[in-house]
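Colleague: I have not looked at this structure before. Could you take me through how to read it, feature by feature?

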Amino acid sequence: SIAASRSHRFEFQFLPRIMAFLFHANRQMVAGIRALRFAQSRSFSASTALCLKKPTTAFVRFSVEHRESVIEDLDVAPGEFGPITKELSKMWKRASEAEKKEYYDDYQKELEEYESALQRDLDGKDMPPTNPTSAFAIWMREVASTMTDPLKAGDTWREMSEEKKQPYYKAFEAAKEKYQKEFAVWTKNNEKDHALWQELKQEYAPLTKSQFFKNVRSTRSATLRSIVRNNDNKMFRTYAEMAESPEKAQAFESFFLKARRKRRQQYREAMREAGLRYLLPNH
């Protein structure tokens with residue numbers, strides 16, 4: 001019937017959008033709940049836990065304020081970042097010190113507030129032990145000050161005999177054993193933080209190319225979907241099949257790396273909102 005046909009078209013056109021919106025809203029809600037729970041369990045406010053982000057620089061503030069006028073003057077699309085950024089850079093260089101001072105002052109004020117809040121966040125934390133990296137890293141720490149060309153360190157290490165490398169392998173194994181014991185103690189003393197940390201690591205685990213290939217196959221983006229289609233406009237069945245086409249593989253790689261970077265950023269944001277900033281490298 002006509003009514004059934006219209007209903008089917010509505011489901012086909014709008015249901016995926018509705019589901020995507022609900023999925024995003026749910027993730028935002030979960031992140032908010034985590035942040036509020038964390039704030040309630042600590043001595044500082046919910047706003048600190050939610051808003052502990054490094055302030056933007058003076059130039060970025062200037063750019064945000066003048067971006068719309070630049071787009072209008074250049075008569076370019078908002079997505080044409082190259083010419084827009086170039087013009088904003090010229091405007092920033094032409095600005096007087098007095099004009100720049102306002103942006104620097106705002107940045108400095110927010111930076112001081114950020115550093116103060118960050119210090120409150122980190123004070124009294126039971127920091128986990130540092131995981132040793134490798135025998136090569138131990139060797140590098142020992143010889144770095146005496147090396148004339150650090151860029152050739154890898155070649156020097158590879159040319160060393162196994163006999164000369166043995167002390168560093170042993171030092172690494174000893175450091176690894178010590179780390180495992182200390183980390184077990186830290187985990188026992190910080191069960192809640194450790195459990196939430198593992199949950200977020202699993203939720204935001206790095207994408208594999210096969211996983212991203214499956215995501216691209218089901219996306220609504222015509223640009224992305226064109227990458228996983230062959231010359232006959234049929235979808236590749238597997239990532240391995242698509243990778244046989246150098247042109248498709250190169251385009252896919254570019255989007256894949258962007259998706260990986262976005263995933264890492266989402267993980268860091270989720271860790272901050274959950275109050276686990278102290279477990280991130282460089283906080």
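Modeller: Start with a helix and its length: the expected span of a helix is 1.5 Å times one less than its number of residues. This is a predicted model, and helix H9 (residues 191-203) serves as the case.

Colleague: How many residues does H9 have, and what distance does H9 reach from its first C-alpha to its last?

Modeller: H9 has 13 residues and reaches 18 Å, close to the 18 Å expected.

Colleague: Which residues of H9 are buried?

Modeller: The general idea comes first. An α-helix has 3.6 residues a turn, so residues three or four places apart point the same way. In H9 the buried residues are Asp193, His194, Leu196, Trp197 and Leu200. They lie on the same side of H9, because they cover an arc of only 165° around the axis. Glu191, Lys192 and Gln202, on the other side of H9, are exposed.

Colleague: What does the rest of the chain look like in terms of secondary structure?

Modeller: The chain has 13 helices and zero strands. Of its 283 residues, 30% count as buried. The chain exposes about 19900 Å², and carbon and sulfur atoms supply 54% of that area. As for contacts between residues at least 6 apart in sequence, 60% join residues at least 24 apart.

Colleague: How should I read salt bridges, and how many are there?

Modeller: Side chains of opposite charge can pair when their charged atoms come close. The cut-off here is a side-chain nitrogen of Lys or Arg within 4 Å of a carboxyl oxygen of Asp or Glu. The count comes to nine salt bridges.

Colleague: Where do aspartate 105 and lysine 101 lie?

Modeller: Both are in helix H5 (residues 97-122), four residues apart, which is about one turn of the helix. Their side chains meet in a salt bridge, at 2.7 Å from N to O. Aspartate 105 is partly exposed, with a relative accessible area of 38%, and lysine 101 is partly exposed as well, with 49%.

Colleague: Is lysine 165 buried or exposed?

Modeller: Lysine 165 counts as buried, because its relative accessibility is 7% and the cut-off for buried is under 20%. Lysine 165 forms a salt bridge with glutamate 162, and their closest N and O atoms are 3.8 Å apart. Glutamate 162 is partly exposed, with a relative accessible area of 46%. The two residues both lie in helix H8 (residues 162-189), three residues apart.

Colleague: Which parts of the chain does the salt bridge between glutamate 253 and lysine 209 tie together?

Modeller: The side chains of glutamate 253 and lysine 209 meet at 2.8 Å, N to O. Glutamate 253 lies in helix H13 (residues 246-273) and lysine 209 in helix H10 (residues 209-218), so the pair ties together parts 44 residues apart in sequence. Glutamate 253 is partly exposed at 28% relative accessibility, and lysine 209 is partly exposed with a relative accessible area of 28%.

Colleague: What should I make of the confidence values?

Modeller: Where pLDDT is low, the predicted coordinates should not be read in detail. The mean pLDDT of the chain is 79, and 80% of its residues reach 70 or more. Among the elements, H8 has the highest mean pLDDT (94) and helix H2 (residues 46-51) the lowest (40). Over residues 1-12 pLDDT stays under 50, and the model has three contacts for them beyond four places in sequence. Residues 32-51 also have pLDDT below 50, and this stretch has 29 contacts in the model beyond near neighbours in sequence.

How values were computed:
Residues are numbered from 1 along each chain as its sequence is written. Side-chain values use heavy atoms; hydrogens and water are left out. Buried means under 20% relative accessible area, exposed over 50%, partly exposed in between (1.4 Å probe, protein chains only). The arc is that of the directions from the helix axis to the C-beta atoms. pLDDT is the predictor's confidence in each residue, from 0 to 100. Contact means heavy atoms within 4.5 Å. Accessible areas come from the Shrake-Rupley method with a 1.4 Å probe; for residues, only the protein chains shown count as cover.
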